[in-house]
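Let's work through a few exercises together. Have a look at what is shown below, then try each task before you read its solution.

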There are 2 protein chains.
Amino acid sequence: MPAISTKGRLMPPSPIRKLVPFAEAAKKRGVQVIHLNIGQPDINSPKVALDAIRNLDRTVIEYSHSAGYESYRKGLAKYYASVGIDITPEQILVTNGGSEALLFGMMACFEPGDEVIIPEPFYANYNSFALAAGVVVVPLRTRIEDGFALPSVNEFEALITPRTKGILICNPGNPTGRIYERDELERLRDIVKKHDLFLFSDEVYREFCYDGTEHISTMTLDGIDEQVVLIDSVSKRYSMCGARVGALLTRNKELYDAVLKFAQARLSPPTFGQIASEAALQTPASYFTNVITEYKERRDILVNGLNSIPGVICPEPKGAFYCVAELPIDDSDRFCQWLLESFELDGFTLMMAPATGFYAKPETGKHQVRLAYVLEKELLTKAVECLRAALTSYPGTTTASSASEVGRH
Amino acid sequence: MPAISTKGRLMPPSPIRKLVPFAEAAKKRGVQVIHLNIGQPDINSPKVALDAIRNLDRTVIEYSHSAGYESYRKGLAKYYASVGIDITPEQILVTNGGSEALLFGMMACFEPGDEVIIPEPFYANYNSFALAAGVVVVPLRTRIEDGFALPSVNEFEALITPRTKGILICNPGNPTGRIYERDELERLRDIVKKHDLFLFSDEVYREFCYDGTEHISTMTLDGIDEQVVLIDSVSKRYSMCGARVGALLTRNKELYDAVLKFAQARLSPPTFGQIASEAALQTPASYFTNVITEYKERRDILVNGLNSIPGVICPEPKGAFYCVAELPIDDSDRFCQWLLESFELDGFTLMMAPATGFYAKPETGKHQVRLAYVLEKELLTKAVECLRAALTSYPGTTTASSASEVGRH
């Protein structure tokens, strides 16, 4: 039997999904599992999008243009204009989710062996796309005690080598909930310009900003027009993760043409998903007002609850719908598995994503977990109760002070 | 401005789509373009699939399992049993079209620099997926005068080196329409076994067999259970190219687990497409009887028409809905562009795919074109008339005898 490839062996399993078998076993035992591990919102998709699907008047489900329907790209250009991003339909390429935009972008920009600096903790699948493209991830540590702020220019420049070809940020941040401020982004812009790098900017959580925090797109920064690669998706915006419709935006014509060739090879993004996404552009503003009010309330319940547990530290996220919490535990993988295998409170337990998968070196996230607040408030309240109780009975709980100590090194 | 990657530069443009701007210009001049360049069927998708979409009862369009809905994979396993393929739902991974199955399969099986032998002419995008995965395509020439039959064992073995890691076939064949016979497949099986190779088998045209020709899946060959990687798709079967739902099948557990990790990174195949595809499994047998009768009639009109033109050679395809024809011309790229720019007959012209994109070395296909017979019969009759007239007025038409000569070297 021939051996599988090195990439096949090294590709990391999803930290969000790897505990699924334990969750399934818990459910078979009759335990209700509260899923804070995955950013699958329970919010309804916009009615206008679902109606477009229900009123489908086609008889043949054909390929679209490889870059996506022109009518949809025109609609997207208007949407981007409404959020302050100046872009033409010919600079937008519709993809199979943000995932494909990341993969195509990396393959078109970077040689195998090129280095990309990513502030960590970062969305776990960046590791996977980098591995698929042969790109080396160079993590730049951000710290929970600083609210995961972007490090100084010096810290960035200390990592730059002749192989450095790009920087990748997620803003608003998954898993941190951080929204970068103007001075952070301008520092980034200067580095990108000075060292002639691509700047990948994953902005799929653009709509989810709380407490009046402003989201600033990298596409609005001066002087790096041809260097910014914007990654987008309808998954979270319209609670349509399963539509698998994303987009790559670039004002760099040469890069666009290269990405289009990757897109031509896979023929077309999904037709049904594009129909729903084009209709979703008509979603009324009230939809977002309601959703954001709801998420803010959920965030407050979860984050205030977490910070009320002795030894738990969780900075208040300003965007997206995740938070990273530091827990007084020996090992987040072990703890998350133990919650599913050996714990219950009134028939409930909790599923979280160990933060080990969100750092380039897993051990850095050994005392942290990522939680998504995409469930209704009663369940979040219950989740906090479960966690509080679990930390008193888990055999690997450390004292609050020592945990906070190890979390910092 | 940073440079794009080598892959980005080398990725070939789609030979099927690269003439699109010339077709658009022709349409703007009022010329009706008969599209024989692309396998986008005009056949209606099954009603049962469209109804499932129209009756959608979900309110949140969620991710599915990364391997696809379990209910759909169970349904697929039954479908495969009905065509003689013994496979479990846990050996099926649902993908974003056959395209993603090919890309994930190549990345999980092959190291960059590994060689894969592909009988040519072959589906143009194999070049693209190979380039993305860093795989070296080693073409094995098949000949129009032999009806594109699989070459002898000796011809295969002459190409095998220490870097050879796989063979990729398309059966029924795009672009040739060839269906491999049992003895051809058993020879292939013996080579794969002897040299410990992966055998990728693209069988997306399984249903499209004419004149009573039997399709034999590589999954039914003895002794290479863990080496066969089957690529499939609903695109052609149900005339649902835009659904973007394919599948990768393997009985090799280690390989399945590796491919699943690539699938987890991109989260989920499309939800809408899977709903339509699962419903499409209930398509009545009469749908296929009608479709196949229709395609056979179309094939006869096109292929008989082509062979009635002096200097044109086109072996009768037994499957799929393409044929490769040799034409008495200097250069198929130039000719296909000329048809769109400088020719019309009664307000019509013809768009074909130059076969240069279907060979590893473009010049091998310089006197050949690929034609898809996916349009109604009147248009195919008109297309043959156009081609006959065009060959008399095209400045690069060669004499019948000399063209046939050059086509053979």
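**Exercise 1: two backbone oddities in chain B**

B:Asp211 sits in the loop between strand S6 (198-202) and strand S7 (228-233) of chain B. Before going on, a bit of housekeeping: this is a predicted model, where local features need pLDDT of at least 70, side-chain atom pairs count only at pLDDT 80 or more, and totals for chains, interfaces and linings use all residues. Residues are numbered from 1 along each chain as its sequence is written, while chains are lettered from A and ligands numbered from 1 in the order in which they are written.

Task: find out whether B:Asp211 is buried or exposed, and do the same for B:Arg244.

Solution, step by step:

1. Start with the backbone. B:Asp211 has a phi near 60°, which is positive although the residue is not glycine. For B:Arg244, phi is near 55°, again a positive value in a residue other than glycine.
2. Place the second residue. B:Arg244 belongs to the loop between S7 and strand S8 (246-249) of chain B. Helices (H or I, at least four residues) and strands (E, at least two) are DSSP runs, numbered from the N terminus.
3. Know the cut-offs. A residue is buried if 20 or more other C-beta atoms, placed from the backbone, lie within 10 Å of its own, exposed if 12 or fewer, and partly exposed in between.
4. Count. B:Asp211 has 10 C-beta neighbours inside 10 Å, so it is exposed. B:Arg244 has 34 of them, so it is buried.

**Exercise 2: cis bonds in chain A**

Task: which peptide bond leading to A:Pro172 is cis, and where is A:Pro172 found?

Solution, step by step:

1. The bond runs from A:Asn171 to A:Pro172, with omega near -5°.
2. A:Pro172 is in the loop between strand S5 (164-170) and helix H8 (182-194) of chain A.
3. Now look at A:Pro175, which is also in the loop between S5 and H8. The bond from A:Asn174 to A:Pro175 is cis too, with omega near 15°.

**Exercise 3: where the domains of chain A touch**

Task: which element gives the most to the side of domain 1 of chain A that touches domain 2 of chain A?

Solution, step by step:

1. Get the bounds, which come from an automatic or database domain assignment: domain 1 is 6-44 + 286-408 and domain 2 is 60-280.
2. The contact takes 35 residues from domain 1 and 32 residues from domain 2, where contact means C-beta atoms, placed from the backbone, within 7 Å.
3. Helix H1 (6-10), helix H11 (285-307) and strand S9 (322-326) each supply at least two residues of domain 1's side.
4. H11(A) gives the most, with five residues.

Definitions and conventions: Contact = placed C-beta atoms within 7 Å.
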